[in-house]
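Please look over the structure below and follow the description alongside it. The account begins at a single loop residue and then moves to the wider fold.

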Amino acid sequence: MLLKQLANRLLSLRSVSVQRFLLNPCGSYYTPIACSLQCVRFKYTPNKGVQGIRNRKSQFESNVNQQENEDSEDRENEEFGQSLNLDDSEYDLVANGAMRVTRKSTQPQNVLVIQPYVKWSVKRTTNITPEDQIQEAEALIHSITNWRVAMSIKVPLESLERKTLFGKGKMEELKQIVNELRYNKSHNQQPLTCIFVSKGTLSFAQKSLLEATFKLPVMDRYSVLIQILRLHATSAEARLQVAMAEIPYIWGQAKDYNTSKSTKLGYSLTDTQRDILKTREKKLKAELERVRAHRKLLRNKRKQNNYPIIAVVGYTNAGKTSLIKALTQEQAIEPRDQLFATLDVTAHAGKLPCNLEVIYMDTVGFMSDLPTGLIECFVATLEDAMLADVILHIHDVSHNCYGAQKQHVEQSLKSLTDNLIASGAEEPATLPTIINVGNKIDLLARGKRTIEDFQGFLVSAKKQNGLMPLLEEIEQQVLKTTQRRKITIRVPSGGPEMSWLYKNSAVVNIKADQTNAQILLMDIIIKESVLQQFKKQFCK
Ligand SMILES: Nc1nc2c(ncn2[C@@H]2O[C@H](COP(=O)(O)OP(=O)(O)OP(=O)(O)O)[C@@H](O)[C@H]2O)c(=O)[nH]1
Ligand SMILES: [Mg+2]
């Protein structure tokens, strides 16, 4: 029976040349020979873990503990998801009033995008041009179903810190534009319904003044992002994080409220509403703590299961999900041309050229000019990335601002690590090895497919170009950081050595010894420490 399974497994292998060493059971080396590449597809289903790995491994292994671990991981995920109930109509009223967002909004909106920017380059806090900022603001609007951009305008200002944001003259100009779009209809023939001022956060006073002038709802980047996140959050964990992200915004809007003044400076909250907010905040904080603890538990279990973890990070829309799809050949993954399409850290099983099974972690994207309150809520999920064995940093090299995006992600990763260290995390004090991947090279003009100063691998996830050299580099780094090596080991056919190796190492190939029918040659990838255990047990 076992031999039949092994024969089937051998039949499923395809060849590619990788160097590795022959080793006898007692550890002496023979000459390097070629090994095989196996392409197996694994299916990931949300909250079900990595199905392929489990199914396939259970064929060969009697690794009951691991099965139990994975089953309990499933159970925990399910139980974890069931314990959350975030629906609260009273809270919704408060949130909608402060942010102009609605739960599950499918109502079409026709939006005027206003991009304020600082005229004088010395005062600018960003090296992204106003044109690029507009592009990003439009992409945010297009990420919401049924929302359209009626028109985009950039408005040069002396400073973004002014109490009223725009001066009187600018306000008049804007009012005229808004009226024209409202009454004469915009170029897309729809009446204007909403205004998006693409600035991190507007104070309640700024927003009220603009709304009173334009007679339309006004949103800032924070509230547009919350709207996107609310719509894209499907898992319990993502919904929890988005819910938490709303709270600092509402407190911020209410901060300047002063009943003694006639002008509206802040969002007014009744005592009951304050209580609702406080209670919700407390509950969410406790739940987020639980997320952290839960993630740590899963991380430890994954470690016990010995799969190397590769975190895929990058600016939003850079192609993280698409690259994972290309590397794992997992057809069920559907990348979308939307910002913040991925909000959950999800695990996807893949194989390296040497046949070692690894897990790719998809992560939420980064974006510049994101308010800190919003980022903090996703830190728990990003912690997983910081504690991976290897990080793939995906860059969209076809994007005008790819340099600025790269810088932003690098800074964010650095501050995430610093925070982890400050919070006394049990694990590494430094970032894992980072492999830079320049994606979307198919969008570069032909003959211009090299990027000056880009130190990394240029690929097209969509066209599946340039993946093999990248996979080889991932393999090298994974083996190095996890202190694994590829060896071939001679063992008696059907003996205890075989099942021990199945349980404690990654078996990538097996063949019969030509000179002795009782002996099998097992190609394995094994940690140095585990190899020493093997020798101790079987090489007496
Ligand atoms: N032309 C081209 N498009 C690509 C490539 N890779 C990804 N895309 C497209 O870019 C868009 C975003 O891709 P995703 O893989 O969802 O990007 P992401 O980084 O996961 O985005 P978020 O999860 O929203 O942060 C999709 O429309 C993809 O089809 C590529 O190599 N070439
Ligand atoms: Mg994604």
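The model is predicted. A convenient starting point is N146, which is exposed because 10 other C-beta atoms lie within 10 Å, and a residue counts as exposed at 12 or fewer. N146 is found in the loop between helix 5 (130-142) and strand 6 (147-157). Its phi is near 70°, a positive value in a residue other than glycine.

N355 also has a positive phi without being glycine, with a value near 85°. The surroundings of N355 are those of a buried residue, because 24 other C-beta atoms lie within 10 Å and the cut-off for burial is 20 or more. N355 sits in the loop between strand 10 and strand 11. These two strands form a hairpin with five residues between them, and N355 belongs to the turn.

The hairpin strands themselves come next. Strand 10 (residues 346-351) and strand 11 (residues 357-362) run antiparallel and are joined by six bridges. One of the pairings can be located from G350, whose bridge partner in strand 11 is V358. Strands of a sheet pair through backbone hydrogen bonds, in either a parallel or an antiparallel arrangement.

Which residues of strand 10 point one way, and which the other? T346, H348 and G350 point to one side, while A347, A349 and K351 point to the other. In a regular strand the side chains alternate between the two faces of the sheet. Residues on both sides of strand 10 are buried. Because six of its six residues are buried, strand 10 is largely enclosed by the rest of the structure.

Strand 10 is part of an open sheet of six strands, in the order 10-11-9-12-13-14, with mixed pairing. Strand 10 and strand 14 (457-458) are the edge strands, each pairing on one side only. Strand 10 is thus an edge strand in its pairing, and its residues are nevertheless buried.

Further along the sheet, strand 12 (residues 390-396) and strand 13 (residues 433-439) run parallel and are joined by seven bridges. In this pair, I394 has V437 of strand 13 as its bridge partner. Helix 15 (residues 467-481) packs on the sheet and touches strand 9, strand 11, strand 12, strand 13 and strand 14. The direction of helix 15 makes about 170° with that of strand 13. Helix 14 (residues 402-422) lies across strand 9 (309-314) and strand 12, and runs at about 155° to strand 12.

Strand 13 also contains I434. I434 is partly exposed, because 17 other C-beta atoms lie within 10 Å, a count between the limits of 12 or fewer for exposed and 20 or more for buried. With its neighbours within four places in sequence left aside, I434 is in contact with I391 and H393. I434 and E528 are 94 residues apart in sequence, and their C-alpha atoms are 23 Å apart in space.

The model also holds a ligand. Ligand 1 is surrounded by 24 residues, of which the closest are G319, S322, D337, T342 and G365. What does the shell around ligand 1 contain by class? It has seven nonpolar, 11 polar and six charged residues. Helix 11 (residues 320-328) gives the most to this shell, with three residues.

Two other helical regions can be picked out. In helix 7 (residues 204-214), the buried residues are F204, K207, L209, L210 and F214. These buried residues pack against helix 6 (168-183), strand 7 (194-197), strand 8 (218-219) and helix 9 (236-254). Just after helix 7, K215 takes a positive phi of about 60°. The second region is residues 274-301, which an unreviewed UniProt entry annotates as "coiled-coil region". In the model this span is 100% helix and 0% strand, and its end C-alpha atoms lie 40 Å apart.

Some totals complete the description. The protein has 17 helices and 17 strands. Of its 540 residues, 37% count as buried. Among contacts between residues at least 6 apart in sequence, 68% join residues at least 24 apart.

Definitions and conventions: Residues are numbered from 1 along each chain as its sequence is written. Chains are lettered from A and ligands numbered from 1 in the order in which they are written. This is a predicted model: local features need pLDDT of at least 70, side-chain atom pairs count only at pLDDT 80 or more; totals for chains, interfaces and linings use all residues. A residue is near a molecule or strand if its C-beta atom, placed from the backbone, lies within 6 Å of it. Helices (H or I, at least four residues) and strands (E, at least two) are DSSP runs, numbered from the N terminus. Ala, Val, Leu, Ile, Met, Phe, Trp, Tyr, Cys and Pro count as nonpolar, Asp, Glu, Lys and Arg as charged, and the others, Gly among them, as polar. Two strands pair if DSSP finds at least two bridges between them. Two residues are in contact if their C-beta atoms, placed from the backbone, lie within 7 Å. Axes are lines fitted to C-alpha atoms, for helices over the stretch in contact, and angles run from 0 to 180 degrees between N-to-C directions. UniProt positions are given in the numbering used here, feature names are shortened, and annotations may be inferred rather than shown by experiment.
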